[in-house]
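Hi,

Here's the structure I said I'd pass on. Have a look at it first, then read my notes below.

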Amino acid sequence: MENNVNPAPEATNAALGYEEASKAYYKSVHFWGQITLLLGMAFSTIAAIYFGFIKGYFPGWTPILTAFMAIFGVMGHVFFDLPSLITDVLLMGPAAKYMASLTGNVSNMRLPSALGAKAAVDCGPAGGPKEHVIASIGVIASTIVNTGFLVIMVIAGTYLIRLLPESIQGILTYILPALFGAIFVQFALMNWKCAVTALVVSVLMLTVLSSVIPSSYQAFLVVVSSILINVFLALAAEKKKKAAEDGGEQK
Amino acid sequence: MLEETMKIANSLEMWLCCAPLVLLVFVQAWIFWRLGMKYKTEFRISSADVSSSMRAGIISTLGPALSIFVVGLGLITSIGGPLTLSRLSVVGNSMYESFSAQFAAQAAGTALGAPDFSPQAFTACIFAMNLGGIAMLVLPLIFIRPVSMATTKAAQRGNSLVLRVLGISAALGSFGYTSLNYFGGSKNTLFTELQPKYIVSVLLGATSMACFTILAKKKNIKWLREWALAFAILIGAIATVFVG
């Protein structure tokens, strides 16, 4: 099946150039990404069909639709959250985003693990395949740890909760904020000017603009405006530097 | 009736119905792992790169994974092990799964863990939770491909300075906003309803990360650089105990 996607067999891959390799890589990523998401949808129906229609416990469509509408009311914006999808693809690349979509917990686990991985390694050109593979490795590790934990949890059951004292459960809530702060610093140390811009934009968004802009667009807009401002500043600085060098040469 | 329902919820059949979804998560991870490794040489990814990105991925997941663990234990007692495992393994998050189960039980005229929580109500939970999950997959299924192609094309055309700044700014914008948002309890405000515990964990996580990273760089301590993230998270989280 894999040969249909990528006609080049493994043996010739070593001879592939960077360009062809990245083309082939992205092609396979989208192919398998979409297949696995479709399978995810299909597998989601198994339990419902078996218990609803084969075992005959079907509760009727009314409660199901009522519940779904209630879920839709609370979570519906997530179903159409294109801004987050764009931000995620920008931050972690397609392979990691396909995995993140299937396994969920994007903002609390997949994004931090992808960015943590990216910050730990020299990723070559930004937005290039190396960066995306590194991010996907971070997400793979995170998925295995997370799902592994869940399997242990379900097997060991309620016995385990008694082992965790109340105070430790309280601490767990604050792990994520510390993680976000730490990862921010990790990137800030690479370029503190960009960090200042991002902080200023975030503060503006959370204070002055907070009531004007819908909350689901805020993070996306912070990302986009940080990018625009920083790119503009970087280009301006480069131009100035070049001008100064040219001036120096002329003298 | 509750007892009968929970028997169904933890039955072998239920396990078999839920297993494919959980297995799919591992299979997908394996597929993308193989894809990445296949082009390792072309993309100049060393084995040191692989192990440090893997370590970073694990370290940043441990904490949140543990807290899902705690929510999950609550769900197991109300909808059984297999459904909890399969729903928490895919799509969404533990909060979403908790209240969609509750909504479904209510729509069926009962509540989670109530004495009249019937097999029908349980089946309503299965339907509602999975329908929501399917709905969340529609957007990624359609849009990851075009969005990613557009960004890749832009990446190939742009100059390297712009791209480096772009990548860093995207990460800083996203994490800066989320970190500051914690100050007010993630209600999209700042300076109102300040939450001291959250502020302490964000700020201490950030400053200890800065200290460890700078120290590691100056003294050239390799292990400290790799463990800096883990230490920073622990310091930030544990310090909240001392905040009233």
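Before the notes on chain A, one term: helices and strands here are DSSP runs, with at least four residues for a helix and at least two for a strand, and they're numbered from the N terminus. Also keep in mind that this is a predicted model.

Let's start with chain A. Reading from the N terminus, its elements go α-α-α-α-α-α-α-α-α-α-α-α, which comes to 12 helices and zero strands. Chain A has 251 residues, and 47% of them are buried. If you take the contacts in chain A with a separation of 6 or more, 60% are between residues 24 or more positions apart.

Now for where the chains meet. On one side there are 137 residues of chain B, in contact with 145 residues of chain A. Several helices of chain B give two or more residues to this side, including H2 (12–38), H3 (47–79), H6 and H9 (222–239). The largest share comes from H6(B), with 28 residues. Sorted by class, the side of chain B that touches chain A has 87 nonpolar, 42 polar and eight charged residues.

One residue to click on is B:Phe143, which sits in helix H6 (residues 119–157) of chain B. Is B:Phe143 buried or exposed? Partly exposed, because it has 15 C-beta neighbours inside 10 Å, and buried would take 20 or more while exposed would take 12 or fewer. Which residues does B:Phe143 touch, leaving aside its neighbours within four places in sequence? Those are A:Leu82 and A:Leu85.

Have fun with it!

How values were computed
Residues are numbered from 1 along each chain as its sequence is written. Chains are lettered from A and ligands numbered from 1 in the order in which they are written. This is a predicted model: local features need pLDDT of at least 70, side-chain atom pairs count only at pLDDT 80 or more; totals for chains, interfaces and linings use all residues. Two residues are in contact if their C-beta atoms, placed from the backbone, lie within 7 Å. Ala, Val, Leu, Ile, Met, Phe, Trp, Tyr, Cys and Pro count as nonpolar, Asp, Glu, Lys and Arg as charged, and the others, Gly among them, as polar.
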